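These are my notebook entries on one protein chain. I set down what I looked up, entry by entry.

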Amino acid sequence: MARLEQVITNIVDVFLEYADDDGKKPQLNIEELKKVLELEIQSPELKDKINADDIGEAMEMLDKNHDGEVNFREFCRCVCVLARCYYQKKTGKGGKKVKGKEPEAEQED
């Protein structure tokens, strides 16, 4: 299997492994999301971006439809945020810049 294909199948598999569907659409509740973040994110750079200790804040950030659970679309948004953070860390690029503002020069004493 090609690398990107493996990444895609891993994202789906991780979500489905942790999502309790109870006979309905698979979603992650707070406890399941906490477990995913604790067990599946090991890198300190990424772990700092979504802190499993502050799961309420992470859930609020991810749960865009405010139903108290993270669906697959919301989970993918989380993965994208983590991928962007890793990209920025690895390349030093990708941070937001404010249009029309020049960086302030450091003042010497």
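**Entry 1: Val81**

I began with Val81, which counts as partly exposed because its relative accessibility is 22%, and the cut-off for buried is under 20%. I located Val81 in helix α5, which spans residues 72-91. I then looked up a partner distant in sequence: Leu46 is 35 residues away from Val81 along the chain, yet their C-alpha atoms lie 9.4 Å apart in space.

**Entry 2: The model and its confidence**

I note that I am working from a predicted model. The mean pLDDT of the protein chain is 79, and I find 80% of the residues at 70 or more. Among the elements, I recorded the highest mean pLDDT for α1, at 96, and the lowest for helix α3 (residues 44-47), at 75.

I marked residues 101-109 separately, since their pLDDT stays under 50. For this stretch the model has zero contacts beyond four places in sequence. Where pLDDT is low, predicted coordinates should not be read in detail. I therefore take no detail from the coordinates where pLDDT is low.

**Entry 3: The chain as a whole**

I counted the elements next and recorded five helices and zero strands. Read from the N terminus, the order is α-α-α-α-α. Of the 109 residues in the chain, 24% count as buried. I also looked up how contacts are distributed along the sequence: among those between residues at least 6 apart, 44% join residues at least 24 apart.

**Entry 4: α1 against α5**

How do the axes of α1 and α5 cross, and at what distance? Two packed helices are described by the angle between their axes and the distance between the axes, so I looked up both. The axes of α1 (residues 3-18) and α5 come within 11 Å and cross at roughly 125 degrees. An angle between 115 and 145 degrees falls in the oblique class, and α1 and α5 are therefore oblique to each other. The crossing of α1 past α5 is right-handed.

I then listed the residues that make this contact. From α1 they are Ile11, Val12, Val14 and Phe15, and from α5 they are Phe72, Phe75 and Val79. By class, I recorded seven nonpolar residues, no polar and no charged.

**Entry 5: α2 against α4**

I repeated the procedure for α2 (residues 30-40) and α4 (55-62). Their axes come within 10 Å and cross at roughly 100 degrees. The range for roughly perpendicular is 65 to 115 degrees, and α2 and α4 are therefore roughly perpendicular to each other.

Ile30, Leu33, Lys34 and Leu37 contribute from α2, and Ile55, Ala58, Met59 and Leu62 from α4. Here I recorded seven nonpolar residues, no polar and one charged.

**Entry 6: Leu37**

Is Leu37 of this contact buried or exposed? I found Leu37 buried, because its relative accessibility is 4%. Leu37 lies in α2, and I checked its separation from Ala58, which is 21 residues away along the chain. The C-alpha atoms of Leu37 and Ala58 are 9.8 Å apart.

**Entry 7: Glu40**

I stayed in α2 for Glu40. With a relative accessible area of 38%, Glu40 is partly exposed. Which residues does Glu40 touch, leaving aside those up to four places away in sequence? I listed Val14, Tyr18 and Lys35. For Glu40 and Val14, I recorded a C-alpha to C-alpha distance of 8.3 Å at a sequence separation of 26 residues. Val14 also appears in Entry 4, in the contact of α1 with α5.

**Entry 8: His66**

My last lookup was His66, in the loop between α4 and α5. His66 has a positive phi of about 55 degrees although it is not a glycine. I also looked up its accessibility: His66 counts as exposed because the relative value is 66%, and the cut-off for exposed is over 50%.

Key
Residues numbered from 1 in each chain as written. Predicted model: local features only at pLDDT ≥ 70, side-chain atom pairs only at ≥ 80, totals over all residues. Heavy atoms only, no water. Axes fitted to C-alpha atoms, helices over the stretch in contact; angles between N-to-C directions. Helix = DSSP H or I, 4+ residues; strand = E, 2+ residues; numbered from the N terminus. Parallel < 35°, antiparallel > 145°, perpendicular 65-115°, else oblique. Left-handed = near helix turned anticlockwise from the far one by under 90°. Contact = heavy atoms within 4.5 Å. Nonpolar A, V, L, I, M, F, W, Y, C, P; charged D, E, K, R; others polar. pLDDT = per-residue confidence, 0-100. Buried < 20%, exposed > 50% of the residue type's maximum accessible area, 1.4 Å probe, protein only.
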